[in-house]
Amino acid sequence: MKKIMMILAVSSMMASCGLYNKYERPDVNTTGLVRDIVSDGDTLQVNTDENFGDLPWREVFTDPQLQSLIEKALENNTDLRNAALNVKMMEDMLKVAKLSFLPSVAVAPSGTISRVQMDGATTGKTYQLPISASWNVDLFGNILSQKRSRQMQLLATKDYQVVVKTNIICGIANLYYTLMMLDEQKVILNDMEGLTKETWEMMKLQHQLGMARSTSVQSAEANYYSVQAQAIDLKRQIREMENSMSLLLNEPGHQIPRGKFSEQSLPTKFSAGVGIQLLSNRADVHAAEMALAQCFYDAETARSKFYPNINVSGTAMFTNSLGSAIVNPGKWLLSAVGSLTQPIFQHGAIIAGLKVAKAQQEQAYNTWQNTVLKAGNEVSNALVLYHASDEKSQLEAKQIAVLTKNVSDTQLLYKSKGSSYLEVISAESNLLNARISKVQDDFYKMQAVVNLYQALGGGSK
C-alpha cells in the first residue's frame, strides 16, 4: 500500500511539473482574415455552413478530358508517390517510438571447447545461453513526449501529401485552361491574319491604281507580319504548356487533348467561410500547426532530461559453467539490477537543449500564424481576381462590338477616300488587342476559380 501511495504521489508531482501536458491550440486572431471584394474597409461575411473547398474536384472541374488528365496525374505523379512513401516512413518511425515503452530483449548463446595437450587430458565443453532484458521506466515522460512528437510529425507528413495532391489537381486545371486560352488566342490571330492580309492586298491594289502611297502598303505589310510573329510566339507558348503538363503526368512531352475555351463551365457562386473555419481544409495550415505541436512535445522531452533516468535490467542464463566447476546438465543463473541516473552537471547541455526547444517552439508558432494569414490573403486575392476579371470581360464584350463595327466602317471610308490607311490599321490593331484582352480576362476568371479552390484546400476530400 505504501508503494502504491508513493507512486501516486510521484505521478501527481510530475503532472504538476507539466511533464504530461498535451498540446492545446493557441489563440489565433482571424478577424478580417478575408477582405471584402467591394469595400476597402470591410471584411468578407459569408455563409459559414458551406465551403467551396469542400466540393469534390470532379464537381468543380467537369470537363471530361480535364478529369481524365487529373486522374492520370494523381496516379503517376512522382511527387505524390514520394509523399506517400514519406508517410509510410513516418508510420514506421512512429511504431518504433511506441515500442520504446517495451523492454529490449537480447539472446547471445555461446559455447567453448578446451583441451590441454597432456597425458590423460580430457576435453572440456562449456556452453551459455544468456537472455537479457532492459526496461527504461518512463516515469518522467521522456519516451511519452517523444512518441507524441512522432505522432505530430506523422500528421504533418500526411498533410504534406494532401498539399501535393491539391497542387497537382489545381496545377493540371490551370495548365489545361491556359492551353485553351492560347488556342482561342491563336484562332483570333488567324482571323486577324486574314484581315490584315486582306487590308494589305487592298492597299496594293489602291497603290497600283494610284490611289494610295507606297508607305501605306508598307505599313499594311508590316502589320501583317506583326500578326504572324505573334502567332509564332503563341505556338511556342502552347508547346511549353504541353511540356509542363506532360511533366506533371510523369510522361515525355506530347500533345495534350483538350476541349474548347468557350465550352467551359465553372462555378460562379462561392462560399468561403469565416475565420479559422475557412481554413479547415487547408492542409498546409494544419501541417504548420502540427509542426508547432511537435515542437511543443520536443520541449517536453528536453524538460524531462532534468529528471532521473530509471532503468531495470535482468538476466537469465542457462549454463554448465559455474565458475571453476562444470556441471551437466546445466543450471539457471538469474540476476536483476535496477539503476537510477540523475544528471547533475553536463556542461550546460540540458539547459541549452531546453532553451533551443523553446525557441524552436516559438518559431513554429510564428510560422503557423503567418501561414494562416497567407491562406486568408490567397482567398482574398482569388475572389478579387474573379470579380475584377468578370467586370472587365463584360466591358470588353461591349468594346469588341464597337471596334468590330469601327473596322468595317473604316475600311468602307478608306475605299471611298474618307479615311487614311493609318485609321484602318489602327482600327484592326485595336480590335485584335480587345479580343485578346477579353480572352485573357475570361481565362483569369477560370484561374481565379482554380486559385480559390486551392486556397480553400479543395481536392483534399
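This passage describes the confidence of a predicted model, a nonpolar surface patch and one of the helices.

The chain has an average pLDDT of 82, and 85% of the residues score at least 70. Confidence varies along the chain: among the elements, helix H3 (residues 64-76) has the highest mean pLDDT, 94, and helix H1 (residues 2-16) the lowest, 45. The pLDDT is below 50 over residues 1-16, a stretch that makes eight contacts in the model beyond near neighbours in sequence. A pLDDT below 50 is also found over residues 41-48, and here the model has 20 contacts beyond near neighbours in sequence. Where pLDDT is low, the predicted coordinates should not be read in detail.

On the surface, a nonpolar patch is formed by Val105, Val107, Leu129 and Ile131, which together have about 330 Å² of accessible area. Strand E1 (104-107) and strand E3 (123-137) each contribute at least two residues to the nonpolar patch. Ile131 lies in strand E3. This residue, Ile131, counts as partly exposed because its relative accessibility is 34%, and the partly exposed class falls between the cut-offs of 20% and 50%.

Helix H7 comprises 22 residues (residues 283-304). At 1.5 Å a residue, helix H7 should span 32 Å, and the end C-alpha atoms are 31 Å apart, so the span in the model agrees with the expected one. Helix H7 is mostly covered, with 17 of its 22 residues buried.

Methods. Residues numbered from 1 in each chain as written. Predicted model: local features only at pLDDT ≥ 70, side-chain atom pairs only at ≥ 80, totals over all residues. Heavy atoms only, no water. pLDDT = per-residue confidence, 0-100. Helix = DSSP H or I, 4+ residues; strand = E, 2+ residues; numbered from the N terminus. Contact = heavy atoms within 4.5 Å. Patch = residues over 30% accessible without salt bridge, like charges linked within 9 Å, V, L, I, M, F, W, Y side chains within 5 Å. Areas by Shrake-Rupley, 256 points an atom, 1.4 Å probe, with all protein chains shown as cover. Salt bridge = Lys/Arg side-chain N within 4 Å of Asp/Glu carboxyl O. Buried < 20%, exposed > 50% of the residue type's maximum accessible area, 1.4 Å probe, protein only. Expected span 1.5 Å × (residues − 1).
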